[in-house]
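Subject: Structure handover

Hi,

Here's the structure I promised to pass on. Have a look at it first, and my notes on what turned up are underneath.

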Amino acid sequence: MERSPAMTSVDANWTEFHKKDVSEKLPFFARNGRLYDCLFAQQFDRELLTRLFKTADALREMTKKKEGMDYAGSLLSHVRAMLYFVQPSTRTFLSFLNAAHILGIRTSEIRDTSTSSEVKGESPEDTVRTFSSYVDLIIMRHPAPGFVEKTAWLMNRTNRPVPIINGGSGKDQHPTQALLDAYTLYRSFNGEMDNKKIAMVGDLKRGRTVRSLTYLMKNYRNISLAFVSPEEFRMEADILEFLKRHGIPFTETGDLRSVMGGADAVYMTRVQDEHDKAGESGAVDYSPFYFKTEHLKLIKKTCVIMHPLPRRHEIEPAVDEDPRAVFWRQERNGMWARAALMAYIFGADSKING
Ligand code: NCD
(Lines give C-alpha, C1' and ligand atoms only; values in the text may rest on other atoms or scores of the structure.)
Protein backbone atom coordinates (compact mmCIF):
# COMPACT_ATOMS: atom_id res chain seq x y z
CA MET A 1 0.00 0.00 0.00
CA GLU A 2 1.29 3.51 -0.82
CA ARG A 3 1.99 5.70 2.17
CA SER A 4 1.57 9.43 2.42
CA PRO A 5 4.65 11.57 3.25
CA ALA A 6 3.00 12.68 6.53
CA MET A 7 2.65 9.07 7.60
CA THR A 8 6.27 8.43 6.83
CA SER A 9 7.44 11.25 9.10
CA VAL A 10 5.26 9.94 11.95
CA ASP A 11 6.79 6.53 11.42
CA ALA A 12 10.29 7.98 11.47
CA ASN A 13 9.56 9.82 14.73
CA TRP A 14 8.15 6.65 16.23
CA THR A 15 11.16 4.59 15.21
CA GLU A 16 13.40 7.21 16.76
CA PHE A 17 11.40 7.17 20.01
CA HIS A 18 11.00 3.40 20.15
CA LYS A 19 14.71 2.72 20.17
CA LYS A 20 15.38 4.91 23.20
CA ASP A 21 16.15 3.29 26.53
CA VAL A 22 13.03 2.74 28.65
CA SER A 23 14.38 5.07 31.36
CA GLU A 24 14.38 7.92 28.82
CA LYS A 25 10.83 7.17 27.73
CA LEU A 26 9.22 7.10 31.15
CA PRO A 27 8.51 10.87 31.47
CA PHE A 28 6.57 10.71 28.21
CA PHE A 29 4.14 8.21 29.76
CA ALA A 30 3.67 10.08 33.06
CA ARG A 31 1.60 13.17 34.00
CA ASN A 32 1.90 15.40 37.04
CA GLY A 33 4.45 13.05 38.56
CA ARG A 34 2.09 10.10 38.24
CA LEU A 35 2.03 7.10 35.95
CA TYR A 36 -0.41 7.80 33.11
CA ASP A 37 0.09 5.05 30.52
CA CYS A 38 1.00 1.66 31.98
CA LEU A 39 3.25 0.00 29.42
CA PHE A 40 6.38 -1.42 31.03
CA ALA A 41 7.09 -3.13 34.35
CA GLN A 42 9.99 -0.68 34.74
CA GLN A 43 7.41 2.05 35.45
CA PHE A 44 6.66 0.60 38.89
CA ASP A 45 8.96 1.61 41.71
CA ARG A 46 8.86 0.19 45.20
CA GLU A 47 6.83 3.04 46.62
CA LEU A 48 4.19 2.82 43.92
CA LEU A 49 3.99 -0.96 44.27
CA THR A 50 3.39 -0.71 48.01
CA ARG A 51 0.80 1.96 47.43
CA LEU A 52 -1.04 -0.18 44.87
CA PHE A 53 -0.90 -3.27 47.10
CA LYS A 54 -2.38 -1.29 50.00
CA THR A 55 -5.11 0.10 47.76
CA ALA A 56 -5.92 -3.41 46.51
CA ASP A 57 -6.09 -4.72 50.09
CA ALA A 58 -8.31 -1.82 51.19
CA LEU A 59 -10.59 -2.22 48.20
CA ARG A 60 -11.15 -5.93 48.74
CA GLU A 61 -11.91 -5.30 52.41
CA MET A 62 -14.23 -2.39 51.65
CA THR A 63 -16.24 -4.26 49.03
CA LYS A 64 -17.13 -7.15 51.33
CA LYS A 65 -20.21 -5.13 52.31
CA LYS A 66 -22.86 -3.68 50.03
CA GLU A 67 -22.29 -0.11 51.27
CA GLY A 68 -18.60 -0.47 50.50
CA MET A 69 -19.28 -1.91 47.05
CA ASP A 70 -21.72 0.93 46.33
CA TYR A 71 -19.11 3.46 47.42
CA ALA A 72 -16.39 1.82 45.28
CA GLY A 73 -18.81 1.79 42.35
CA SER A 74 -19.29 5.54 42.66
CA LEU A 75 -15.58 6.40 42.50
CA LEU A 76 -15.08 6.27 38.72
CA SER A 77 -18.67 6.23 37.49
CA HIS A 78 -17.77 9.19 35.24
CA VAL A 79 -15.17 7.12 33.36
CA ARG A 80 -15.66 4.96 30.26
CA ALA A 81 -13.11 2.36 29.19
CA MET A 82 -12.50 0.36 26.04
CA LEU A 83 -11.07 -3.13 26.22
CA TYR A 84 -9.36 -3.89 22.93
CA PHE A 85 -8.16 -7.48 23.24
CA VAL A 86 -7.28 -8.85 19.83
CA GLN A 87 -5.22 -11.75 21.18
CA PRO A 88 -6.78 -14.61 23.16
CA SER A 89 -7.40 -13.80 26.81
CA THR A 90 -9.58 -15.14 29.59
CA ARG A 91 -8.16 -13.92 32.90
CA THR A 92 -6.63 -10.61 31.90
CA PHE A 93 -9.78 -9.61 30.06
CA LEU A 94 -12.22 -10.74 32.74
CA SER A 95 -10.20 -9.34 35.61
CA PHE A 96 -9.87 -5.93 33.95
CA LEU A 97 -13.56 -5.94 33.04
CA ASN A 98 -14.65 -6.79 36.57
CA ALA A 99 -12.08 -4.47 38.13
CA ALA A 100 -13.49 -1.64 36.00
CA HIS A 101 -17.03 -2.50 37.10
CA ILE A 102 -16.04 -2.55 40.78
CA LEU A 103 -14.97 1.09 40.36
CA GLY A 104 -18.11 1.98 38.41
CA ILE A 105 -16.24 2.37 35.10
CA ARG A 106 -18.48 1.66 32.10
CA THR A 107 -16.89 -0.60 29.52
CA SER A 108 -17.06 -1.51 25.86
CA GLU A 109 -14.98 -4.13 24.11
CA ILE A 110 -13.51 -5.43 20.86
CA ARG A 111 -12.04 -8.90 20.98
CA ASP A 112 -11.58 -9.65 17.35
CA THR A 113 -10.39 -7.39 14.53
CA SER A 114 -12.90 -9.06 12.20
CA THR A 115 -15.66 -7.14 14.00
CA SER A 116 -13.98 -3.74 13.68
CA SER A 117 -13.28 -1.53 10.67
CA GLU A 118 -9.83 -3.06 10.45
CA VAL A 119 -11.49 -5.50 8.03
CA LYS A 120 -12.26 -2.50 5.80
CA GLY A 121 -8.57 -1.67 5.73
CA GLU A 122 -8.42 0.82 8.61
CA SER A 123 -5.01 0.76 10.25
CA PRO A 124 -4.81 -0.50 13.85
CA GLU A 125 -3.49 2.97 14.76
CA ASP A 126 -6.60 4.69 13.37
CA THR A 127 -8.84 2.09 14.97
CA VAL A 128 -7.42 2.77 18.40
CA ARG A 129 -7.57 6.51 17.84
CA THR A 130 -11.26 6.08 17.09
CA PHE A 131 -11.85 4.46 20.48
CA SER A 132 -10.29 7.44 22.14
CA SER A 133 -13.06 9.61 20.72
CA TYR A 134 -15.58 7.78 22.90
CA VAL A 135 -13.75 6.64 26.01
CA ASP A 136 -11.39 7.86 28.74
CA LEU A 137 -9.18 4.78 29.04
CA ILE A 138 -8.00 2.05 26.68
CA ILE A 139 -6.86 -1.32 27.96
CA MET A 140 -5.32 -3.42 25.23
CA ARG A 141 -3.74 -6.73 24.40
CA HIS A 142 -2.05 -7.04 21.05
CA PRO A 143 0.09 -9.71 19.38
CA ALA A 144 2.58 -7.24 17.90
CA PRO A 145 5.42 -6.34 20.28
CA GLY A 146 5.65 -2.58 20.75
CA PHE A 147 2.18 -1.86 19.38
CA VAL A 148 0.67 -0.94 22.76
CA GLU A 149 3.57 1.44 23.34
CA LYS A 150 3.13 2.92 19.88
CA THR A 151 -0.53 3.53 20.59
CA ALA A 152 0.27 5.37 23.81
CA TRP A 153 2.92 7.40 22.02
CA LEU A 154 0.48 8.33 19.25
CA MET A 155 -2.30 9.17 21.72
CA ASN A 156 -0.01 11.45 23.72
CA ARG A 157 0.59 13.49 20.56
CA THR A 158 -3.14 14.06 19.93
CA ASN A 159 -5.32 16.73 21.46
CA ARG A 160 -7.39 14.11 23.28
CA PRO A 161 -5.00 11.66 24.87
CA VAL A 162 -6.38 8.91 27.06
CA PRO A 163 -4.36 6.58 29.26
CA ILE A 164 -3.37 3.25 27.75
CA ILE A 165 -2.88 0.13 29.84
CA ASN A 166 -0.90 -2.76 28.43
CA GLY A 167 -2.74 -6.04 28.98
CA GLY A 168 -0.02 -8.03 27.19
CA SER A 169 2.00 -7.06 24.14
CA GLY A 170 3.55 -9.72 21.93
CA LYS A 171 6.25 -11.59 23.76
CA ASP A 172 7.81 -8.49 25.29
CA GLN A 173 5.83 -7.22 28.28
CA HIS A 174 2.84 -7.89 30.52
CA PRO A 175 3.26 -5.29 33.26
CA THR A 176 -0.07 -5.76 35.03
CA GLN A 177 0.61 -9.51 35.29
CA ALA A 178 3.90 -8.63 36.99
CA LEU A 179 1.95 -6.30 39.27
CA LEU A 180 -0.47 -9.03 40.34
CA ASP A 181 2.37 -11.54 40.65
CA ALA A 182 4.22 -9.19 42.98
CA TYR A 183 0.96 -8.54 44.87
CA THR A 184 0.60 -12.30 45.30
CA LEU A 185 4.14 -12.51 46.70
CA TYR A 186 3.37 -9.57 48.99
CA ARG A 187 0.28 -11.29 50.37
CA SER A 188 1.93 -14.68 50.60
CA PHE A 189 4.93 -13.29 52.50
CA ASN A 190 2.95 -10.90 54.72
CA GLY A 191 4.42 -7.83 53.07
CA GLU A 192 8.05 -9.01 53.35
CA MET A 193 9.34 -8.87 49.79
CA ASP A 194 13.11 -8.63 50.38
CA ASN A 195 15.58 -11.52 50.63
CA LYS A 196 13.70 -13.87 48.34
CA LYS A 197 14.86 -16.55 45.92
CA ILE A 198 12.54 -16.93 42.97
CA ALA A 199 12.69 -19.75 40.45
CA MET A 200 11.13 -19.04 37.05
CA VAL A 201 10.47 -22.16 35.05
CA GLY A 202 9.62 -23.02 31.45
CA ASP A 203 9.60 -21.01 28.23
CA LEU A 204 11.50 -18.00 29.51
CA LYS A 205 12.49 -16.89 26.04
CA ARG A 206 8.98 -16.09 24.88
CA GLY A 207 7.11 -15.70 28.16
CA ARG A 208 6.26 -12.02 28.65
CA THR A 209 5.13 -12.61 32.25
CA VAL A 210 8.56 -13.76 33.44
CA ARG A 211 10.23 -10.92 31.59
CA SER A 212 8.02 -8.30 33.24
CA LEU A 213 8.26 -9.92 36.68
CA THR A 214 12.06 -9.94 36.43
CA TYR A 215 12.06 -6.19 35.82
CA LEU A 216 9.79 -5.68 38.82
CA MET A 217 11.98 -7.65 41.23
CA LYS A 218 14.65 -4.96 40.92
CA ASN A 219 12.59 -2.98 43.44
CA TYR A 220 13.35 -5.40 46.24
CA ARG A 221 16.55 -6.01 48.18
CA ASN A 222 18.66 -9.15 48.13
CA ILE A 223 16.62 -10.95 45.49
CA SER A 224 18.10 -13.82 43.55
CA LEU A 225 16.61 -15.52 40.54
CA ALA A 226 16.95 -19.04 39.19
CA PHE A 227 15.99 -19.45 35.55
CA VAL A 228 15.04 -23.03 34.76
CA SER A 229 14.35 -23.83 31.13
CA PRO A 230 15.10 -26.06 28.20
CA GLU A 231 18.21 -24.94 26.33
CA GLU A 232 16.01 -23.69 23.45
CA PHE A 233 13.95 -21.41 25.70
CA ARG A 234 16.53 -19.68 27.86
CA MET A 235 15.89 -16.17 29.16
CA GLU A 236 16.81 -13.53 26.57
CA ALA A 237 20.10 -11.64 26.76
CA ASP A 238 18.45 -8.23 27.31
CA ILE A 239 16.97 -9.42 30.61
CA LEU A 240 20.23 -11.03 31.73
CA GLU A 241 22.04 -7.78 30.96
CA PHE A 242 19.45 -5.85 32.97
CA LEU A 243 20.12 -8.12 35.96
CA LYS A 244 23.88 -7.73 35.63
CA ARG A 245 23.53 -3.96 35.39
CA HIS A 246 21.53 -3.87 38.59
CA GLY A 247 23.71 -6.39 40.43
CA ILE A 248 20.91 -8.94 40.83
CA PRO A 249 22.33 -12.47 41.02
CA PHE A 250 20.84 -15.18 38.83
CA THR A 251 21.55 -18.73 37.78
CA GLU A 252 20.47 -20.66 34.70
CA THR A 253 19.83 -24.37 34.69
CA GLY A 254 17.81 -27.12 33.03
CA ASP A 255 17.43 -29.03 36.30
CA LEU A 256 14.22 -28.07 38.13
CA ARG A 257 14.87 -30.31 41.14
CA SER A 258 18.19 -28.61 41.83
CA VAL A 259 16.52 -25.25 42.63
CA MET A 260 13.45 -26.51 44.47
CA GLY A 261 14.82 -26.73 48.01
CA GLY A 262 16.15 -23.16 48.02
CA ALA A 263 13.23 -21.34 46.39
CA ASP A 264 10.75 -19.06 48.16
CA ALA A 265 8.58 -19.05 45.04
CA VAL A 266 8.47 -21.36 42.05
CA TYR A 267 6.88 -19.60 39.07
CA MET A 268 5.77 -22.10 36.43
CA THR A 269 4.93 -21.19 32.81
CA ARG A 270 3.61 -22.99 29.74
CA VAL A 271 5.35 -23.30 26.41
CA GLN A 272 4.46 -20.23 24.31
CA ASP A 273 4.06 -22.13 21.05
CA GLU A 274 1.85 -19.46 19.49
CA HIS A 275 5.16 -17.78 18.69
CA ASP A 276 6.51 -20.81 16.81
CA LYS A 277 7.51 -20.18 13.24
CA ALA A 278 7.31 -23.81 12.15
CA GLY A 279 6.15 -25.95 15.08
CA GLU A 280 9.66 -25.98 16.63
CA SER A 281 8.29 -26.32 20.21
CA GLY A 282 7.14 -29.81 19.33
CA ALA A 283 10.76 -30.93 19.18
CA VAL A 284 11.47 -29.81 22.76
CA ASP A 285 10.92 -32.18 25.70
CA TYR A 286 9.05 -29.93 28.12
CA SER A 287 8.22 -32.64 30.67
CA PRO A 288 11.30 -31.97 32.87
CA PHE A 289 9.67 -28.55 33.47
CA TYR A 290 6.50 -29.91 35.05
CA PHE A 291 5.72 -29.52 38.73
CA LYS A 292 4.51 -32.88 40.01
CA THR A 293 3.02 -33.96 43.34
CA GLU A 294 6.27 -35.76 44.16
CA HIS A 295 8.00 -32.36 44.12
CA LEU A 296 5.90 -31.06 47.00
CA LYS A 297 8.21 -32.73 49.50
CA LEU A 298 11.23 -30.98 47.99
CA ILE A 299 10.07 -27.38 48.41
CA LYS A 300 10.11 -25.33 51.62
CA LYS A 301 7.06 -25.18 53.89
CA THR A 302 6.77 -21.49 53.07
CA CYS A 303 7.44 -21.73 49.33
CA VAL A 304 4.64 -20.63 47.01
CA ILE A 305 3.86 -22.24 43.67
CA MET A 306 2.72 -19.70 41.08
CA HIS A 307 1.55 -19.75 37.48
CA PRO A 308 0.11 -16.91 35.38
CA LEU A 309 -2.27 -19.47 33.82
CA PRO A 310 -3.53 -20.92 31.54
CA ARG A 311 -1.78 -24.16 32.41
CA ARG A 312 -1.43 -27.20 30.25
CA HIS A 313 0.59 -29.89 31.99
CA GLU A 314 3.15 -27.78 33.87
CA ILE A 315 1.44 -28.34 37.21
CA GLU A 316 -0.24 -31.60 38.02
CA PRO A 317 -3.85 -30.82 39.12
CA ALA A 318 -3.37 -32.76 42.39
CA VAL A 319 -0.85 -30.05 43.42
CA ASP A 320 -3.76 -27.56 43.62
CA GLU A 321 -4.81 -29.03 46.96
CA ASP A 322 -1.53 -28.12 48.63
CA PRO A 323 -1.79 -24.80 50.53
CA ARG A 324 1.42 -23.63 48.87
CA ALA A 325 -0.27 -23.68 45.46
CA VAL A 326 -1.35 -20.04 45.18
CA PHE A 327 -2.11 -19.71 41.47
CA TRP A 328 -5.90 -19.57 41.87
CA ARG A 329 -5.47 -16.84 44.45
CA GLN A 330 -2.98 -15.18 42.11
CA GLU A 331 -5.66 -15.15 39.41
CA ARG A 332 -8.16 -13.42 41.72
CA ASN A 333 -5.51 -11.01 42.98
CA GLY A 334 -5.32 -9.78 39.40
CA MET A 335 -8.75 -8.21 39.64
CA TRP A 336 -7.89 -6.26 42.82
CA ALA A 337 -4.44 -5.23 41.62
CA ARG A 338 -5.87 -3.97 38.33
CA ALA A 339 -8.64 -2.11 40.11
CA ALA A 340 -6.00 -0.47 42.32
CA LEU A 341 -4.02 0.54 39.23
CA MET A 342 -7.02 2.11 37.50
CA ALA A 343 -8.01 3.92 40.71
CA TYR A 344 -4.46 5.28 40.93
CA ILE A 345 -4.33 6.43 37.29
CA PHE A 346 -7.56 8.40 37.79
CA GLY A 347 -6.51 9.75 41.20
CA ALA A 348 -9.23 7.89 43.12
CA ASP A 349 -6.94 5.70 45.21
CA SER A 350 -6.76 8.25 48.03
CA LYS A 351 -10.54 7.80 48.42
CA ILE A 352 -9.94 4.10 49.00
CA ASN A 353 -6.85 4.23 51.20
CA GLY A 354 -8.03 7.20 53.24
C1 NCD B 1 -0.19 -15.08 30.20
C2 NCD B 1 -0.05 -14.26 28.93
O3 NCD B 1 -1.03 -14.02 28.24
O4 NCD B 1 1.07 -13.86 28.67
N5 NCD B 1 -1.52 -15.28 30.58
C6 NCD B 1 -2.12 -14.33 31.36
O7 NCD B 1 -2.20 -13.17 31.00
N8 NCD B 1 -2.58 -14.74 32.53
C9 NCD B 1 0.60 -16.32 30.20
C10 NCD B 1 0.35 -17.33 29.12
O11 NCD B 1 -0.51 -17.15 28.27
O12 NCD B 1 1.05 -18.34 29.16
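Let's start at the ligand: one of its oxygen atoms is 2.9 Å from an N or O atom in the side chain of Thr-92. Keep in mind that this is a predicted model. Arg-141 also reaches a ligand oxygen, with a polar side-chain atom 3.0 Å from it. On the nitrogen side, a polar side-chain atom of Gln-177 sits 3.3 Å from a nitrogen atom of the ligand.

If you want to set up a selection, the residues around the ligand are Thr-92, Arg-141, His-174, Gln-177, Arg-208, Thr-209, Arg-270, Gln-272, Pro-308, Leu-309 and Pro-310.

Two of those deserve a second look. The peptide bond from Leu-309 to Pro-310 is cis, and its omega is near 10°. Pro-310 itself belongs to the loop between β11 (304-306) and α12.

While we're on backbone geometry, Asn-190 has a positive phi, near 50°, despite not being a glycine. You'll find Asn-190 in the loop that runs between α8 (175-188) and β7 (197-201).

Now the overall layout. The domain assignment splits the protein chain into domain 1 (20-174 + 334-347) and domain 2 (176-272 + 282-332). Their contact draws 32 residues from domain 1 and 26 residues from domain 2. Taken over C-alpha atoms, the centres of the two domains are 25 Å apart. Between them, domain 1 and domain 2 bury about 2800 Å², with 54% of that on carbon and sulfur atoms.

What about polar pairing across that interface? The count comes to three salt bridges between domain 1 and domain 2. There is also a salt bridge between Glu-331 and Arg-91, whose closest N and O atoms are 3.1 Å apart. For polar contacts, 20 residue pairs turn up across the interface of domain 1 and domain 2, counting pairs with both residues at pLDDT 80 or more.

On the side of domain 1 that touches domain 2, α3 (46-62), α5 (91-102), β6 (164-169) and α12 (327-345) supply at least two residues each. The biggest contributor there is α3, with eight residues. Sorted by class, that side of domain 1 has 13 nonpolar, nine polar and 10 charged residues.

That's what I have so far. Shout if anything looks odd when you load it up.

Cheers

Definitions and conventions: Residues are numbered from 1 along each chain as its sequence is written. This is a predicted model: local features need pLDDT of at least 70, side-chain atom pairs count only at pLDDT 80 or more; totals for chains, interfaces and linings use all residues. Side-chain values use heavy atoms; hydrogens and water are left out. Domain bounds come from an automatic or database domain assignment. Contact means heavy atoms within 4.5 Å. Buried area is the accessible area (1.4 Å probe) that two parts lose on being put together, summed over both. A salt bridge is a side-chain nitrogen of Lys or Arg within 4 Å of a carboxyl oxygen of Asp or Glu. A polar contact is a pair of N or O atoms within 3.5 Å; within protein, one must be able to donate a hydrogen and the other to accept it, and residues adjacent in sequence count only if both atoms are side-chain atoms. Helices (H or I, at least four residues) and strands (E, at least two) are DSSP runs, numbered from the N terminus. Ala, Val, Leu, Ile, Met, Phe, Trp, Tyr, Cys and Pro count as nonpolar, Asp, Glu, Lys and Arg as charged, and the others, Gly among them, as polar. A residue is near a molecule or strand if one of its heavy atoms lies within 4 Å of it.
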